[in-house]
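Me: I'm new to this and keep bumping into labels on a structure. Could you walk me through how they are earned?

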Amino acid sequence: MYREHMTISNNCSQGLADAKEKLIQAIKRIKHEVDECREEECEMYIESVGVENSFDDLEREVRAEFQNLHHFLDEEEGMDLERLRKARQKQVKLLRERERKIAQQGRDLQGAIMTLNSKLTEEDGPKLLKEIKDLIKRSQVSFVPPPEVKTEVRSGQFVGPIQYRIWKHMKRCLYPNITSVTFDPDTAHPLLTVSPSRTSLWFEEHKDPGGCQANPRRFHYYYCVFGQQGFTTGRHYWEVEVGGKTSWRLGVARDDIHRGEMAHCGTMSGIWTLALKGGAVVACTDPEPTALCVSSRLMRVGVFLDCEKGEVSFYNAASMAALYTFSTGAAQVPLFPFYNPCDADDGRNLAPITIFSPSL
């Protein structure tokens with residue numbers, strides 16, 4: 001009986017020790033979880049502060065851009081008001097001068113009347129008769145109006161389509177202004193045709209590729225082409241018409257991308273593009289494309305490359321609604337406009353890609 005009691009007691013002590021050890025391990029594990037939680041909380045706080053600072057920077061940038069526009073409009077308003085003030089001053093001066101001349105003639109005529117009236121009160125006599133005759137000869141005066149001065153104030157010279165006029169003037173202060181871009185035929189896939197103006201591009205399935213000269217810069221696997229000019233600095237914006245197509249791809253790419261087949265055709269290869277595939281617009285991200293919510297069919301796409309910030313953004317050029325922004329990183333090599341009109345899609349995708357040149 002005693003041995004049985006001791007055995008039970010030893011077993012209980014051992015079980016309790018094991019349980020306490022497990023409890024200690026659980027406490028250690030939970031403490032570790034607490035440390036991880038606090039570390040994650042700290043990281044999230046730092047990230048949230050960073051996001052707030054980024055938005056503060058963006059707010060300052062937006063305000064600065066609008067201040068530039070306000071400054072431009074203030075200058076235009078000042079010049080228009082100064083032109084209006086000078087025209088007013090000139091016309092009023094002419095009118096006042098004419099008024100002064102009329103008033104002077106009025107005084108002269110009134111003086112003549114007074115002189116003639118004075119003779120009526122003098123005593124009659126031969127002398128008076130002679131003086132009256134002389135005065136009558138000298139008083140053959142009349143009112144001669146000075147040259148007319150225009151009094152009509154016409155608004156067309158100063159107002160007219162003032163908003164449209166200022167809008168056209170605004171072109172000189174736009175930054176970035178519309179960048180003039182063209183296609184580089186030396187980089188075009190052999191089955192692509194570039195128009196003589198280098199602003200239109202289309203796929204020709206039955207084109208003889210033998211007419212294209214060998215060129216290490218030419219794409220020979222995908223139906224792609226580069227723009228003529230690459231960029232490493234500055235901010236650049238251009239627009240591309242795609243409304244008649246069932247599929248397309250466009251954006252920017254590094255100058256050193258492979259011209260043949262690539263394991264990845266998106267950001268991992270140095271290509272930042274949007275594409276129309278199967279009726280849906282996607283951002284060509286890796287490893288999978290990102291579907292975009294586009295409220296209406298894209299007829300024209302705006303591309304904005306900001307080399308300083310390392311970003312390329314896309315817009316619905318009709319409404320300037322933002323579609324997507326990629327981070328390209330610092331430009332180590334030139335970034336070129338990149339286009340792919342895609343194949344003919346059994347005759348449904350024959351329309352060209354065309355560079356649109358908006359003008360103010």
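Me: Let's start with Glu239 and Arg300. Why is this pair called a salt bridge?
Reply: Keep in mind that this is a predicted model. The side chains of Glu239 and Arg300 come to 2.9 Å, N to O. The cut-off is within 4 Å, so the pair earns the name. Glu239 sits in strand E4 (residues 235–241) and Arg300 in strand E9 (residues 300–306), 61 residues apart, so the bridge links distant parts of the chain.

Me: And how do you know whether Glu239 is buried or exposed?
Reply: Look at its relative accessible area, which is 6%. Buried means under 20%, so Glu239 counts as buried.

Me: What makes Glu59 and Arg63 a salt bridge?
Reply: Here the closest N and O atoms are 3.2 Å apart. That is within 4 Å, so this pair passes too.

Me: Where do Glu59 and Arg63 sit relative to each other in helix H1?
Reply: They are 4 residues apart in helix H1 (residues 2–120), so about one helical turn separates them.

Me: Why is Glu59 called partly exposed, and what is Arg63 called?
Reply: Glu59 has a relative accessible area of 40%. Partly exposed lies between the 20% and 50% cut-offs, so the label fits Glu59. Arg63 has 51%, and exposed means over 50%, so Arg63 is called exposed.

Me: How do you know that Arg348 forms a salt bridge with Asp345?
Reply: Same recipe: the closest N and O atoms are 3.1 Å apart, and the limit is 4 Å, so it counts. Arg348 is exposed at 51%, while Asp345, at 26%, is partly exposed.

Me: Which residues are joined into one network by salt bridges that share partners?
Reply: Those are Glu65, Arg235 and Asp306.

Me: How many salt bridges does the structure hold?
Reply: There are 16.

Me: On to strands. How do you know that E5 and E6 pair?
Reply: Count the bridges: 6 of them join strand E5 (residues 248–254) to strand E6 (residues 271–277). Pairing needs at least two, so E5 and E6 qualify. The two strands run antiparallel, and Leu250 stands opposite Leu274 in E6.

Me: What is the strand order in the open sheet of 6 strands?
Reply: It goes E3-E12-E5-E6-E7-E8, with antiparallel pairing.

Me: What makes E3 and E8 edge strands?
Reply: Strand E3 (225–226) and strand E8 (290–291) each pair on one side only, and that is what earns them the label.

Technical notes
Residues are numbered from 1 along each chain as its sequence is written. This is a predicted model: local features need pLDDT of at least 70, side-chain atom pairs count only at pLDDT 80 or more; totals for chains, interfaces and linings use all residues. Side-chain values use heavy atoms; hydrogens and water are left out. Buried means under 20% relative accessible area, exposed over 50%, partly exposed in between (1.4 Å probe, protein chains only).
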